[in-house]
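Please look through the sequence and the model below, and then follow the report, which begins with a single side chain and works outward to the whole protein.

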Amino acid sequence: MSRKESNIPKQIVRRAWVMMSCAIIIYSFLIYRLTTIQYLEADKYKEKSEQQSIQKVELNSGRGVIYDRNEKPLTDTVKKDIMIVEQNKFLNDVNTRNIVENSSNMQISEIYKHIEKQLKSQVFQIEVDNIDDKTKRKLLDDNIIVEEKTLRYASDGLLSHTLGHISTKDKVGQSGIEKSMDKVLKESNEKYVSAFKAGASGNTKDLSILKGSIKTVNDNEDAKNIKLTIDKDIQRKVEKIADKEENPTAVVISDINTGEILALSSRPNFDQNNIAKYFESEKGELVNRTMQSIYPPGSVFKLVVLYAALDADVINENYTYNCTGKVEVSSKTKQILNCHKRDGHGIQTLQQAFSNSCNTAFFDIAKKVGEDKIIECAKRLHLNEPVGIGLEEENNRKIEDSIPINNLAIGQGNLGFTPLQINQMTQIIANNGTYKQLYIYDSILDKDKNMVKSFKTSKPEEIISPYTLTIVKEMMKDVSKEGTGKDLKDLNGGCGVKTGTAQSTLNKKAVNHGWITGFYPEKVPKYAITVLVEGIEGKSKSAVPMFKEICTQLNK
């Protein structure tokens with residue numbers, strides 16, 4: 001019996017196989033997606049669902065706290081009570097309006113203004129005062145909650161430039177410590193009020209807050225906080241002094257023996273809660289002058305020239321020089337370098353030339369030392385590199401390979417350093433040549449302030465010409481008694497300093513910045529203090545009075 005041949009064309013069979021294969025692929029993909037959604041992406045879809053059904057009101061920034069060296073908070077210090085009210089209920093229910101008005105002691109018109117600013121939210125919040133616990137419980141029965149809200153920044157702007165600020169929208173660090181430590185601080189200390197919303201099926205616009213669903217969530221179990229080396233009390237004292245000076249200023253204070261930064265002040269200040277108003281300003285409120293601004297060092301650089309001369313052994317303590325008030329820099333160009341004392345200082349010893357900050361004497365010394373040696377010694381004192389405290393704002397200008405000797409002698413020309421760099425140099429000299437890298441980060445703390453991680457400096461300790469720098473240190477003491485810093489001679493505890501006047505330009509007009517850097521007290525120095533007072537048109541000032549007041553306050 002012969003097999004009967006199929007009458008179905010081969011083309012149709014092939015099409016059927018293709019269709020069946022496609023169906024199997026599609027079916028397999030659907031099974032895969034269902035499995036993925038059910039098991040692997042369940043949390044994501046659950047979160048999206050919760051976002052649609054839960055109303056959140058933040059009670060803080062959701063970031064870790066920044067503490068000073070004594071674990072005093074530098075952020076999150078301002079607490080305010082807020083009343084949280086369902087918007088639809090307030091607008092549609094007279095009884096709710098009366099309750100809110102009476103409890104908040106606000107006029108109904110004021111409350112409506114708050115609502116207008118929060119139209120995108122289904123609840124609104126207003127600040128309230130003096131609501132007792134009994135009233136709070138009664139309000140909760142009406143689905144109105146009163147909770148404590150913590151503001152990230154206080155209005156006094158303490159340490160504002162160094163702390164930086166966060167964005168209003170997503171609370172991400174934008175500058176300063178907030179930016180450099182954003183990964184540590186963000187989403188680690190959340191506190192918020194949540195309320196469950198419900199409504200008709202398919203309706204996501206007109207959801208109502210379910211009674212009894214409001215609760216406060218404090219999610220700080222894995223909180224990470226930052227501890228700094230800053231001393232809040234010293235910082236506050238410095239800023240009060242800086243606020244009295246009308247010119248822009250920068251102040252750096254560090255611990256000579258450890259390198260810990262105790263205070264950083266930059267003026268003018270700014271409001272961290274309202275950054276936008278400074279975007280068009282020409283006053284530079286957002287600039288951290290302690291580490292972003294580069295200034296010519298002026299006569300403060302004579303510390304480097306003196307160190308280089310003694311280290312090269314081209315002069316000693318028996319050196320003398322006759323200052324006539326000016327000296328010819330070049331016979332070819334006939335360029336003249338004037339001393340600030342135009343009629344001259346006369347014959348001076350090395351100590352007197354240094355204390356008087358004599359330009360002509362230091363031009364003579366610089367010529368003996370030579371350009372290369374002075375630049376080499378500046379680099380030894382870490383002036384050719386950023387201090388490296390871990391903030392993006394820190395600036396640095398490399399020292400050029402060739403600088404005219406007359407500019408090197410008096411710290412002018414293309415030389416430029418930040419107050420932070422000058423303070424690092426001062427720390428080295430005041431510590432008899434022992435370099436300790438300045439630093440500001442101490443450790444990471446958990447929610448109970450237990451140390452999780454300790455920060456270490458990125459550069460090792462270094463011994464730099466201890467004998468020579470001890471001589472320089474001793475010579476700085478006389479500046480505060482007989483020289484350009486003699487207004488400090490009656491300072492309790494004494495000090496050692498070097499002052500400077502740095503010629504610069506502002507709006508194409510010449511200005512003079514006032515420098516002073518030194519150590520306090522005199523016998524067993526603890527603090528390295530650097531102060532810069534910016535010159536403004538028609539108002540150039542000395543930094544000595546600020547230095548003196550700071551030392552006086554440190555002694556209290």
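In this predicted model, K373 has a relative accessibility of 16%, and because buried means under 20%, K373 counts as buried. Its partner E376, at 36% relative accessibility, counts as partly exposed, and the side chains of the two residues meet in a salt bridge with an N to O distance of 3.8 Å. Both residues belong to helix α14, where they are three residues apart and thus separated by about one helical turn. An α-helix has 3.6 residues a turn, so residues three or four places apart point the same way.

K373 also takes part in the meeting of two helices, since it is among the residues of α14, together with I374, C377, A378 and R380, that meet V304, V305, Y307, A308, D311 and A312 in α11. The axes of helix α11 (residues 302-312) and helix α14 (residues 371-380) come within 9 Å and cross at roughly 110°, and the two helices are therefore roughly perpendicular to each other.

Helix α13 covers residues 359-369, and nine of its 11 residues are buried, so this helix is largely enclosed by the rest of the structure. Among the buried residues of α13 are F362, F363, I365 and V369, and the helix is followed by G370, whose phi is positive, near 100°.

The structure holds 30 salt bridges, and the table lists three of them with their N to O distances.

| Salt bridge | Distance, N to O |
|---|---|
| E376 and K373 | 3.8 Å |
| E461 and K436 | 2.6 Å |
| K548 and D490 | 2.8 Å |

In the pair of K548 and D490, whose closest N and O atoms are 2.8 Å apart, K548 lies in helix α18 and D490 in the loop between α17 and β21, so the pair ties together parts that are 58 residues apart in sequence. K548 is partly exposed, with a relative accessible area of 25%, whereas D490, at 57% relative accessibility, counts as exposed. Elsewhere, salt bridges that share partners join R63, D76, R152, E178 and D182 into one network.

On the surface, W17, M20 and I24 make a nonpolar patch of about 350 Å², and I24 has its place in helix α1, which covers residues 10-40. The protein as a whole contains 18 helices and 23 strands, and buried residues make up 49% of its 556 residues. The protein exposes about 28700 Å², of which carbon and sulfur atoms supply 48%.

Technical notes
Residues are numbered from 1 along each chain as its sequence is written. This is a predicted model: local features need pLDDT of at least 70, side-chain atom pairs count only at pLDDT 80 or more; totals for chains, interfaces and linings use all residues. Side-chain values use heavy atoms; hydrogens and water are left out. Patches are made of residues with over 30% relative accessible area and no salt bridge: like charges are joined within 9 Å, nonpolar side chains (Val, Leu, Ile, Met, Phe, Trp, Tyr) within 5 Å. Accessible areas come from the Shrake-Rupley method with a 1.4 Å probe; for residues, only the protein chains shown count as cover. A salt bridge is a side-chain nitrogen of Lys or Arg within 4 Å of a carboxyl oxygen of Asp or Glu. Helices (H or I, at least four residues) and strands (E, at least two) are DSSP runs, numbered from the N terminus. Buried means under 20% relative accessible area, exposed over 50%, partly exposed in between (1.4 Å probe, protein chains only). Axes are lines fitted to C-alpha atoms, for helices over the stretch in contact, and angles run from 0 to 180 degrees between N-to-C directions. Angles under 35 degrees count as roughly parallel, over 145 as roughly antiparallel, 65 to 115 as roughly perpendicular and the rest as oblique. Contact means heavy atoms within 4.5 Å.
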